[in-house]
Amino acid sequence: PEAKVLQLRDADKMLRENQSLLQDTSKRESAKYLSLWSQLQGNILHNVWQADAGGITVEGVTNRFSRALQLAEADASCTDLAPTILLKLALFCDKTAARTTAMPVGGSNIVWMYIDSMLRAMALGATKAQEHFPRVLELLETHFSALRGDQVTKLLTDVPPWMLLEWLPQIFSLVARNPPVPFQHCLIACLGRVAALFPQAAYYAFRVVRDDIAKDPKRSAQIYALLGDYHATERLCRALQLLQHPDAQITNFFENILAPTVRDRTTTKQMPLITTELEVAYRELYEDCLDLGNKAMGQYRKETARQFARCKIWQDLGKEGQLSQAIDAKTAKKILEDWGQWKKDSKFTPKEKRTMPLAHFTNALESCDADGATLRIPGVEMGGSEAALAAGEAGFVSLVSCDPTLKVMTSIQKPKRLKMRGGNGQEYWWLVKGGEDLRQDQRVQQVFRSMNRILANDTQCAKRRLNVEVFKVV
């Protein structure tokens, strides 16, 4: 039948791909290696295991992989093949898991075999297995109740922390879920190990979802405890936050924070109208845009703050960053109407240029003084070599200073192009944005990195040097 011919073609293709493992002459001499190779051929049968009544079963294929793994681990000359065998077994299980209704092995068993094999491959340093970690998280989310939690925790604990750096956004996103995912304790244990070696990388990823995690005070306190002394990193984040245009920051508060909160809580008749999240957002807004006593505030921001101070809206909202608890639905509606009218009638932004001094926005980035703490260039740890990352030595380029001049981009949020100087003598360019959810940017860049891996594995694409330029999102 035509379907069987196609299956056999796929099997033949997989066999030819596996033959690359025989290129090492020294290993071809090993009788045990040849035995191992005969067992590895089990993986080409996964497309035809049900082709006829006498065909090999899923259990037969997985048993061959298990035998191959035993042989590889027993022979010192073949131990480096163990990650490859585990990865191929995991991929076989993943393809087979989609056919759970036809499988002679239970669905949860084949899923567990995938998770176990993939995490063990990562523990042995298989970088190709690292690319599949989001799939592991997806299967854990849907099948965790059928698995043993202590075994999952042990497997995740064995994964080197540097392998999890790229996927910190996914891990923190799951930790921030409400209600919590069933394997949240496993993820928090992983974050603790990552934070011990890469504290600033962990904090930057946490800060993106900080507001969501703050809704559960107990969980929030647990994460902060793992992050250790993050105060110097937080001061750097606040200084970078001051690079936003103040008018865009205030507009974002009214239109994207205050208005939706009032609308949602009025519609559902939830009281009180003022939430903890709203209070935190207003306090940050006051410190960044209205508090003339803020020593980190630059001259441009101070000039803008003086203009804002003339508006009666701030008296209605609350003084000195304390949001008034007396605000009800009627008062909030009036405040939003007054804001809209004042924004329409007032030219509340000082004259700006395409290039502006850094000191006009903040004084906190001139010397990058962190009171004795060593600030690091954000995102560099995601670009280190495998060996350096595995040794915990990459990503520790100290932040020495920032260029005194900013370039103001022309988009709506007016992002700033900032140049940081590292202790290694190199310069790092960053685009500082505000008023946007970075999670979408993070996911898009992850997709681009995956595309680059696919292009690099294709001979023709590699010859033409096809790739998508990617950026770090912090």
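A cavity is a set of points, on a 1 Å grid over the protein atoms alone, where a 1.4 Å probe fits but cannot get out, and its lining residues have an atom within 4 Å of a point. The model is predicted, so local features need pLDDT of at least 70 and side-chain atom pairs pLDDT 80 or more, whereas totals for chains, interfaces and linings use all residues. Residues are numbered from 1 along each chain as its sequence is written, and side-chain values use heavy atoms, without hydrogens and water.

By this rule there are three cavities of 30 Å³ or more, a volume being the space filled by probe spheres set on points joined across faces, edges and corners. The second largest has a volume of about 40 Å³. Its lining consists of Pro 169, Phe 172, Ala 205, Val 208, Val 209, Arg 439, Gln 442 and Arg 443. Helices (H or I, at least four residues) and strands (E, at least two) are DSSP runs numbered from the N terminus. The elements that give two or more residues to this lining are tabulated below.

| Element | Residues |
|---|---|
| α10 | 168-175 |
| α12 | 199-208 |
| α22 | 438-457 |

The largest contribution, three residues, comes from α22.

Strands β4 (residues 416-422) and β5 pair in the antiparallel sense over six bridges; pairing requires at least two DSSP bridges. Leu 418 has Trp 430 in β5 as its bridge partner. Four residues separate β4 and β5 in a hairpin, and Gly 425 in the turn has a positive phi of about 85 degrees. Along β5 (residues 427-432) the side chains alternate: Tyr 428, Trp 430 and Val 432 point to one face and are buried (under 20% relative accessible area, 1.4 Å probe, protein chains only), while Glu 427, Trp 429 and Leu 431 point to the other and are not buried.

Conventions. On a 1 Å grid over the protein atoms alone, a cavity is a set of points where a 1.4 Å probe fits but cannot get out, and a pocket is an open set with protein on both sides within 12 Å along at least five of seven lines; lining residues have an atom within 4 Å of a point. Buried means under 20% relative accessible area, exposed over 50%, partly exposed in between (1.4 Å probe, protein chains only).
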